[in-house]
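Hi everyone, and thanks for making time today. I'd like to walk you through a structure that is new to most of you, so please have a look at it while I talk.

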Amino acid sequence: MADTDKELIVATVTDYMEGIRDGDGARIANAFYSSVNLNSLDAEGNLVLTPRSALEAMANSGTLPPNSSETTHVEINNDMALVKVTIDLPTLHYHDLLTLLRLNVGWKIVSKTYTTIQK
């Protein structure tokens, strides 16, 4: 693993986190592969697949509450990385597991699975 890979991975994840913080859907789009769904569960335990475009639209709408985020873990294996992110909002915490791949266009988030915890 080259240090450059870690720097590029962190830059990609930073685009995502700052896109959420700043309400910038273009930065979110830049971080994710185009066809990614966001994976979560509904109240009954059913899988919910939300298209990335819905997150971009929410960011662009200006309705996201103030938030802060941090990367809590980065693991790199050859051309694949797993990154854990926590996003802190006024009433809850988002916990994300992001899978990134080193594609021909650079490191992109190809999977996001998340859960929320009420404060």
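I'll start with the core, then turn to the charged residues, and finish with the hairpins.

One thing to keep in mind from the start: this is a predicted model.

Let's begin on the inside. In soluble globular proteins, nonpolar side chains tend to be buried together. Here, the largest nonpolar core has 23 residues. Which of them have the most contacts inside this core? They are Tyr16, Phe32, Leu98 and Leu100. If you want to see where the core comes from, look for helix H1, residues 3–22, helix H2, residues 25–31, and helix H3, residues 52–61, together with strand E4, strand E5, residues 92–103, and strand E6; each of these supplies at least two residues. The largest share is from H1, with five residues.

Let's stay with tyrosine 16 for a moment. Leaving out neighbours within four places in sequence, tyrosine 16 is in contact with ten residues you can pick out on the screen, and I'll read them slowly: Arg27, Ile28, Ala31, Phe32, Leu55, Ile87, Asp96, Leu98, Ile109 and Lys112. Please remember Arg27, Asp96 and Lys112 from that list of contacts, as they come back shortly.

Now to the charges. Side chains of opposite charge can pair when their charged atoms come close. In this model the count of salt bridges is seven. One of them joins aspartate 15 and arginine 27, with the closest N and O atoms 2.9 Å apart. Aspartate 15 belongs to helix H1 and arginine 27 to helix H2, so this pair ties together parts that are twelve residues apart in sequence.

Arginine 27 has another partner too: a salt bridge to glutamate 18, where the closest N and O atoms are 2.7 Å apart. Put together, Asp15, Glu18 and Arg27 are linked in a network of salt bridges. How accessible are these residues? Aspartate 15 is buried, at a relative accessible area of 15%, while arginine 27 is partly exposed at 23% and glutamate 18 is partly exposed at 24%.

Threonine 14, also in helix H1, has Arg27 among its contacts as well, along with Gly19, once neighbours within four places in sequence are set aside. Threonine 14 is partly exposed, with a relative accessible area of 22%. From its C-alpha to that of alanine 31 is 8.3 Å in space, although the two are 17 residues apart in sequence.

Next come the other two residues I asked you to remember. Lysine 112 and aspartate 96 meet through their side chains in a salt bridge, 3.5 Å from N to O. This pair links distant parts of the chain, with lysine 112 in strand E6 and aspartate 96 in strand E5, 16 residues apart. Is lysine 112 buried or exposed? Lysine 112 is buried, with a relative accessible area of 4%, and aspartate 96 counts as buried at 2%.

Strand E6, residues 106–118, also holds lysine 108. What is the nearest side chain of opposite charge to lysine 108? It is aspartate 15, 6.8 Å away, and lysine 108 is buried yet has no salt bridge. What we do find is the backbone oxygen of asparagine 30, 2.5 Å from a polar atom of the lysine 108 side chain. Beyond neighbours within four places in sequence, the contacts of lysine 108 include Thr12, Asn30, Phe32 and Leu100. Two of those names, Phe32 and Leu100, you heard earlier among the core residues with the most contacts.

Finally, the hairpins. Strand E1, residues 37–41, and strand E2, residues 47–51, run antiparallel and are joined by five bridges. Asparagine 39 stands opposite leucine 49 there. Five residues sit between the strands of this hairpin, and glycine 45 takes a positive phi near 85°.

In the other hairpin, strand E3, residues 68–77, pairs with strand E4, residues 80–88, in the antiparallel sense over nine bridges. Glutamate 75 is opposite leucine 82. Here there are two residues between the strands, and asparagine 78 lies in that loop. Its phi is near 60°, a positive value in a residue other than glycine. Asparagine 78 counts as exposed, at 61% relative accessibility.

That's my tour, so over to you for questions.

Definitions and conventions. Residues numbered from 1 in each chain as written. Predicted model: local features only at pLDDT ≥ 70, side-chain atom pairs only at ≥ 80, totals over all residues. Heavy atoms only, no water. Pairing = 2+ DSSP bridges. Helix = DSSP H or I, 4+ residues; strand = E, 2+ residues; numbered from the N terminus. Buried < 20%, exposed > 50% of the residue type's maximum accessible area, 1.4 Å probe, protein only. Lys, Arg positive; Asp, Glu negative; His and termini not counted. Salt bridge = Lys/Arg side-chain N within 4 Å of Asp/Glu carboxyl O. Polar contact = N/O pair within 3.5 Å; in protein donor to acceptor, adjacent residues only side chain to side chain. Contact = heavy atoms within 4.5 Å. Core = buried A, V, L, I, M, F, W, Y, C linked by side-chain atoms within 4.5 Å.
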